[in-house]
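Colleague: Hello! Could you take a close look at one part of this model for me, the packing around a helix in the middle of the chain, and then set it in the context of the rest?

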Amino acid sequence: MAAFNLTPSGPSTFILMGIPGLEAAHIWISIPFSMFYIISLLLGNVTLLFVVGKEQTLHKPMFLLLCMLALTDISTSSSVIPKALCIFWFNLKGITVKGCLTQMFFLHAVSVIHSAILVTMAFDRYVAICNPLRYTTILTNARIAKLGLVGLIRAVLCILPLPLLLSRQPFCANHIIPHTYCEHIAVVKMSCGNITVNRMYGLVVAFVVIGLDLTLIVLSYGLIIRAVLRISSKKAHQKALNTCTAHICVMLTFYTPFLFSSLTHRFSQGFAPHIHIILANLFFLIPPMLNPIIYGIKTKELRDKVGKYTFRICLPGCH
């Protein structure tokens, strides 16, 4: 990403303002932000990665997907929150143009990877319910890894044009970004040139990628519902649907704020900027914090293993 052809006439740095209008409250806002970040990073996703890595019995496709999800959660929150906290605590608002474009690429690419993982998880649930006898042959760890690689390649190919197009734009003398991170549309608005292509490409990528992924997820769940309705036993109905509950909750925590944030960035007339910025930051905090909790509660096998390691850690201090 260091090879961006930056416009010589543009500024060498941008200024991230944090949350305009609430500068006096930055310290107070930082308290829940830092708490959510610590819970998400250390108590949630790192714990999940550690437990799955240590336990051979958890080296299965579903838990491999959970590890991928945890890695994307760690990546997105760690790309935004530390810089936001530096703004809140130390007033360190500067970011180089290269750094800004790199952050923008990384954030959007990881979001696309996250969406691809959710599609793969929907396929995993479809195979587990509709083809349980062939599950182990259809979904192997190697196949999941290949699907993850495909998701990574897709994300890079779709998102790389965003910073490349912006790097060719002339930026205005006013290089203040009213945000805590380098969101695509916020940076596009800094340009003095024609930004039609940038706006249109960003909008098309958001709706084509997310639209395709949501279509595949709806198709998977349509087939799952059809298969469940054919089962005569109500107990089997409940068991089958319970296996999907965690995935549905995780999808809602990702797609709902993602679509809301994307739309309000582009069509934000009449929407209070500070409310939008707070909600946009919460998008990088709440889902990463909730995802390991949701799967920890709903997945007995994972819950038991986490409990085992927690007991081992706490036991020496209990005597």
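Modeller: Happy to! One cut-off helps from the outset: a residue is called buried when its relative accessible area is under 20%, exposed when that is over 50%, and partly exposed in between. Please keep in mind that this is a predicted model.

Let me start with helix α3, which spans residues 97-130 and holds Q103. Q103 has 10% relative accessibility, so it counts as buried. Leaving out residues up to four places away in sequence, its contacts are S79, V80, I95, Y181 and C182.

Further along, S111 also sits in helix α3. Its relative accessibility is 6%, and therefore S111 counts as buried. Beyond its neighbours within four places in sequence, S111 is in contact with F254 and F258. Those two contacts lead us to helix α9, which covers residues 234-266 and includes M251.

M251 is worth a pause. With a relative accessibility of 11%, it falls under the 20% limit and so counts as buried. Its contacts, again without residues up to four places away in sequence, are L118, I217, Y221 and T256. A separation in space may be handy for your own checks: the C-alpha atoms of M251 and H108 are 17 Å apart, with these positions 143 residues apart along the chain.

Now to helix α2, where S75 is found. At 23% relative accessibility S75 lies between the two limits, so it counts as partly exposed. S75 touches F106 and V110, if residues up to four places away in sequence are not counted. For the pair S75 and F106, the C-alpha to C-alpha distance is 8.5 Å, while the sequence separation is 31 residues.

Just after helix α2 (61-90), the loop that leads to β2 (94-96) contains N91. Most residues other than glycine have a negative phi. N91 departs from that pattern, since its phi is positive, near 60 degrees, although the residue is not a glycine. N91 has a relative accessibility of 52%, which is over the 50% limit, so it counts as exposed.

Helix α10, residues 273-283, gives another view of burial: its buried residues are H276, I277, A280, N281 and F283. Looking down the axis of α10, these buried residues fall within an arc of 150 degrees, so they line one face of the helix. The general background is that an α-helix has 3.6 residues a turn, so residues three or four places apart point the same way.

Finally, the wider setting. The chain contains 12 helices and 3 strands, and 46% of its 319 residues count as buried. For contacts between residues at least 6 apart in sequence, 81% join residues at least 24 apart. The radius of gyration is 21 Å, which agrees with the value near 20 Å for a compact globule of 319 residues. Along the principal axes, the C-alpha atoms fill a box of roughly 65 × 55 × 40 Å.

As for the surface, the chain exposes about 15800 Å², and carbon and sulfur atoms supply 72% of that area. If you plan to look at charges, there are 25 positive and 8 negative side chains, and the centres of the two sets lie 6 Å apart.

Definitions and conventions: Residues are numbered from 1 along each chain as its sequence is written. This is a predicted model: local features need pLDDT of at least 70, side-chain atom pairs count only at pLDDT 80 or more; totals for chains, interfaces and linings use all residues. Side-chain values use heavy atoms; hydrogens and water are left out. Buried means under 20% relative accessible area, exposed over 50%, partly exposed in between (1.4 Å probe, protein chains only). Helices (H or I, at least four residues) and strands (E, at least two) are DSSP runs, numbered from the N terminus. The arc is that of the directions from the helix axis to the C-beta atoms. The radius of gyration is taken over C-alpha atoms; the globule rule is 2.2 Å times the number of residues to the power 0.38. Contact means heavy atoms within 4.5 Å. Accessible areas come from the Shrake-Rupley method with a 1.4 Å probe; for residues, only the protein chains shown count as cover. Lys and Arg count as positive and Asp and Glu as negative; His and the chain ends are not counted. The place of a charge is taken as NZ of Lys, CZ of Arg, CG of Asp or CD of Glu.
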